[in-house]
Structure formats: C-alpha cells, structure tokens
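Let's take a friendly walk through this protein chain, from one residue out to the whole fold. Have the sequence and the 3D view open side by side as you read.

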Amino acid sequence: MKRDEVILFEDECKIRDYQAITATWFLKGHQRIVKTYGHHIGVGIFGVIDYFTGDIIYSETETLDAQSFLDFLRKVVEAYPGKKIKMILDNGRIHYAKLLKEFKEKHKCNLEFIFLPLTALLTKS
C-alpha cells in the first residue's frame, strides 16, 4: 500500500423514531398493542471508516438517495486531498445511480469503487 492511498469501508443506514412492526407473535385473541408516536421521521447516515487509521467521516441526511450519496462523496474526496481513495461498498442501488457518473468520471484518478460481490456473502451447503 502506497502512502498516498487510503482504503475506506462505506455503508449507510436509516434510524427511525418509530417501530416498524411487520409481524409479531401473540396468543390468539390477545394481540399486543405497541405504542407509536404517529410520526414517521428519522435520520439517514452515510459513513466511511479508514482501514489504516480508524478515522471516521459521516454525514447525516433526511433521505438516503443518490443526491445525498453524491454530497457525501464530495465530503470524502475533500477530506483526502491528493490521495487515491479505494472505497469498499455494497451493491446498494444508489451506489450505481446515473447521477454519480459525472462525479466518478471527474475523480476517476483518485476515487475507485470496489463492490462487495454478493457471492462472497453466500455459503454453499
């Protein structure tokens, strides 16, 4: 690894202030009542961790969409001026968005996406 290269692991998540219940167990005729606050708000978080230093860069956003991801990528590139960034990320749809094409082309010399292969997550039985 050259001193001018960094390896970053990226992911994103959505934290909500309500319980999203899709299924639950209860005795027949004794359905549980789960209190909610009636608001469907939350915060999206993009983040990277530097493999060698442990440094973290993150960004909060209302939505986890391609525009928010692009804004986050700008922040990451600014944080590592003159460095070759190798970013390891999953196969989320926003990571392939057409909106990113121009940015990726502009930064192709200093930003490389390395996608985790789905097959690596599967095991043969």
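Thr 63 has a relative accessible area of 39%, so Thr 63 counts as partly exposed. The classes used here are buried for under 20% relative accessible area, exposed for over 50%, and partly exposed in between, with a 1.4 Å probe and protein chains only. Before going further, please note that this is a predicted model, in which local features need pLDDT of at least 70 and side-chain atom pairs count only at pLDDT 80 or more, while totals for chains, interfaces and linings use all residues. Residues are numbered from 1 along each chain as its sequence is written, and side-chain values use heavy atoms, with hydrogens and water left out.

Thr 63 sits in the loop between strand 3 and helix 1. Here helices (H or I, at least four residues) and strands (E, at least two) are DSSP runs, numbered from the N terminus. Leaving aside residues up to four places away in sequence, Thr 63 touches Lys 14, Phe 46 and Ser 68, where a contact means heavy atoms within 4.5 Å. Thr 63 and Lys 14 are 49 residues apart in sequence, yet their C-alpha atoms are 8.3 Å apart in space.

**The overall layout**

The chain contains two helices and five strands, arranged along the sequence as β-β-β-α-β-α-β. Of its 125 residues, 30% are buried. Among contacts with a separation of 6 or more, 67% join residues 24 or more positions apart. The exposed surface of the chain is about 9900 Å², and carbon and sulfur atoms supply 56% of it; accessible areas come from the Shrake-Rupley method with a 1.4 Å probe, and for residues only the protein chains shown count as cover.

**The sheet**

The five strands form an open sheet with the order 3-2-1-4-5 and mixed pairing. Its edge strands are strand 3 and strand 5 (111–115), each of which pairs on one side only. On average, neighbouring strands of this sheet are turned by 25° against each other, direction ignored. Strands of a sheet pair through backbone hydrogen bonds, either parallel or antiparallel. Two strands are taken to pair if DSSP finds at least two bridges between them. Three of these pairings are set out below.

| Strand pair | Sense | Bridges |
|---|---|---|
| strand 1 and strand 2 | antiparallel | nine bridges |
| strand 2 (residues 42–50) and strand 3 | antiparallel | six bridges |
| strand 1 (residues 5–16) and strand 4 (residues 84–89) | parallel | five bridges |

You can find the register from individual residues. Lys 14, the contact of Thr 63, stands opposite Gly 44 in strand 2. Ile 45 has Glu 60 in strand 3 as its bridge partner, and Gly 47 stands opposite Tyr 58 in strand 3. On the parallel side, Leu 8 has Met 87 in strand 4 as its bridge partner. The hairpin of strand 2 and strand 3 has five residues between the strands, and there Gly 54 takes a positive phi near 80°.

Which residues of strand 3 are buried? Along strand 3 (residues 56–61), Ile 57, Ser 59 and Thr 61 point to one face and are buried, whereas Ile 56, Tyr 58 and Glu 60 point to the other and are not. In a regular strand the side chains alternate between the two faces of the sheet.

**The helix on the sheet**

The buried residues of helix 1 are Ala 66, Ser 68, Phe 69, Leu 70, Phe 72, Leu 73, Val 76 and Val 77. Their cover includes strand 1, strand 2, strand 3, strand 4, helix 2 (101–106) and strand 5. An α-helix has 3.6 residues a turn, so residues three or four places apart point the same way.

**Asn 110 and the cysteines**

Asn 110 lies in the loop between helix 2 and strand 5. Buried or exposed? Asn 110 counts as buried because its relative accessibility is 19%. Not counting residues up to four places away in sequence, Asn 110 touches Val 77, Lys 83, Lys 84 and Ile 85.

Cys 13 has 35% relative accessibility and so counts as partly exposed, while Cys 109, at 67%, counts as exposed. With a disulfide defined as a pair of cysteine sulfur atoms within 2.5 Å, the count comes to zero disulfides.

Definitions and conventions
Axes are lines fitted to C-alpha atoms, for helices over the stretch in contact, and angles run from 0 to 180 degrees between N-to-C directions.
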